[in-house]
Amino acid sequence: MSTNLINKKDLVMVYLDEKRQFLVQIVPGLRLSTDHGDLNLTDIVGKAFGFVGKTHLGRDFYCLKPSTADLMMKMKRTTTIVYPKDLGYLLLETAVGPGSRVLELGTGSGALTMVLAKLIAPDGIVYSYERREDFIQNARKNLERVGHAQNVEFICADVVKTGFAQREVDAIFIDVPEPWDIVPKAVEALKGGHHLVSWSPNVEQVRRTIDALEVNNFKCIKTKEIIERELLVRQQGVRPRERGITHTAYLTRAQKIIAVQ
Ligand SMILES: C[S@@+](CC[C@H](N)C(=O)[O-])C[C@H]1O[C@@H](n2cnc3c(N)ncnc32)[C@H](O)[C@@H]1O
């Protein structure tokens, strides 16, 4: 059984309040300055997750285990990323699990890559395609920081031109502006009966993607939008927050059919 103690190099979610939450990696001499005082984070090595510390101004802070959503949302971003609410649904629309071989396009900041790498460990692999080498470098650093780089192969290529080198993969995740250009490449790489999922912010993109899926022998095609609404739970009354993320993407899932010869 792993211990619940905070060690050097661990990632810790340092939480003061709703607006002051910091994902930090514990290294010697680490200090954090906030408008509620300074935090000496070397002191928390050896304490258990859940420990309550005090800033030099006497404010409490909590040392929490980061959730997978925390790791995604606090990544260094070079692009928009997939959101936890959407990814939770789409992962369950596939059969991906430990040992799966999956394809991803494009890597972007690596938020999706990280969750896939965690899911397919210890012996699966994520082939993550991206046309920008600088984005791959950032994503690789993000994955190394959270300890999930070992099951990822990054490939720098424009998939519209090159296609995918892999065959018989267990799932394909597509998060690019023009998924319809990728569908003919995806069908060559995916196992029969298995899943392709795709994110698109606009309905026009969904229309073109579904046209391409139908032409390329995909069935069980469905598009959904996941709407998330947080409740404010307070003594004076419980109601939804006025603001929040109102729209992220339309989510499409489909399965490949092997055409009868
Ligand atoms: C929205 S971002 C992906 C974000 C990623 N899902 C995440 O969660 O961090 C889209 C990425 O796809 C890449 N891209 C778009 N078209 C591509 C293509 N044809 N081949 C390779 N990469 C492509 C872009 O450079 C960009 O980094």
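1. In this predicted model, residues 24 or more positions apart account for 62% of the contacts in the protein with a separation of 6 or more. Of the 261 residues of the protein, 33% count as buried, and the C-alpha trace spans about 75 × 45 × 35 Å along its principal axes. The secondary structure comes to seven helices and 15 strands, and the points below take up some of these elements by region.

2. The domain assignment divides the protein into domain 1, given as 11–66, and domain 2, given as 70–256. The centres of domain 1 and domain 2, taken over C-alpha atoms, are separated by 32 Å. Five residues from domain 1 and five residues from domain 2 take part in the contact. On the side of domain 1 that touches domain 2, β1 and β2 each supply at least two residues, and the residues of that side divide into four nonpolar, one polar and no charged.

3. An open sheet of four strands, with antiparallel pairing, follows the order β2-β1-β6-β5. At its edges stand β2 (20–25) and β5 (52–54), each with a single partner strand, so one side of each is left without a neighbour in the sheet. From one strand to the next, the twist averages 30 degrees. Within this order, β1 (residues 11–17) and β6 (residues 60–64) run antiparallel and are joined by three bridges, and Tyr15 has Tyr62 in β6 as its bridge partner.

4. A second sheet to inspect is an open one of seven strands, whose order is β9-β8-β7-β10-β11-β15-β12 and whose pairing is mixed. Its edge strands are β9 (152–156) and β12 (218–224), each of which pairs on one side only. Neighbouring strands of this sheet are turned against each other by 15 degrees on average, direction ignored. As a general point, strands of a sheet pair through backbone hydrogen bonds, either parallel or antiparallel. Here β8 and β9 run parallel and are joined by five bridges, with Glu153 in β9 as the bridge partner of Tyr127.

5. Helix α3 deserves a separate look alongside the seven-stranded sheet. This helix lies across β7 (101–105), β8, β9 and β10 (169–174), and its direction makes an angle of about 165 degrees with β8.

6. Which residues come nearest to the ligand? Of the 21 residues around the ligand, these are Gly106, Gly108, Ser109, Ala111 and Arg131. The elements that give two or more residues to this shell are α3 (111–120), β8 (125–130) and α5 (159–162), so named here with α3 and β8 again among them. By residue class, the shell around the ligand divides into ten nonpolar, six polar and five charged.

7. A hairpin is formed by β13 and β14, with two residues between them. Strand β13 (residues 231–234) and strand β14 (residues 237–240) pair over four bridges in the antiparallel sense, and within the pair Leu232 stands opposite Arg239 in β14.

Key
Residues are numbered from 1 along each chain as its sequence is written. This is a predicted model: local features need pLDDT of at least 70, side-chain atom pairs count only at pLDDT 80 or more; totals for chains, interfaces and linings use all residues. A residue is near a molecule or strand if its C-beta atom, placed from the backbone, lies within 6 Å of it. Ala, Val, Leu, Ile, Met, Phe, Trp, Tyr, Cys and Pro count as nonpolar, Asp, Glu, Lys and Arg as charged, and the others, Gly among them, as polar. Two strands pair if DSSP finds at least two bridges between them. Axes are lines fitted to C-alpha atoms, for helices over the stretch in contact, and angles run from 0 to 180 degrees between N-to-C directions. Domain bounds come from an automatic or database domain assignment. Two residues are in contact if their C-beta atoms, placed from the backbone, lie within 7 Å. A residue is buried if 20 or more other C-beta atoms lie within 10 Å of its own, exposed if 12 or fewer, and partly exposed in between; C-beta atoms are placed from the backbone.
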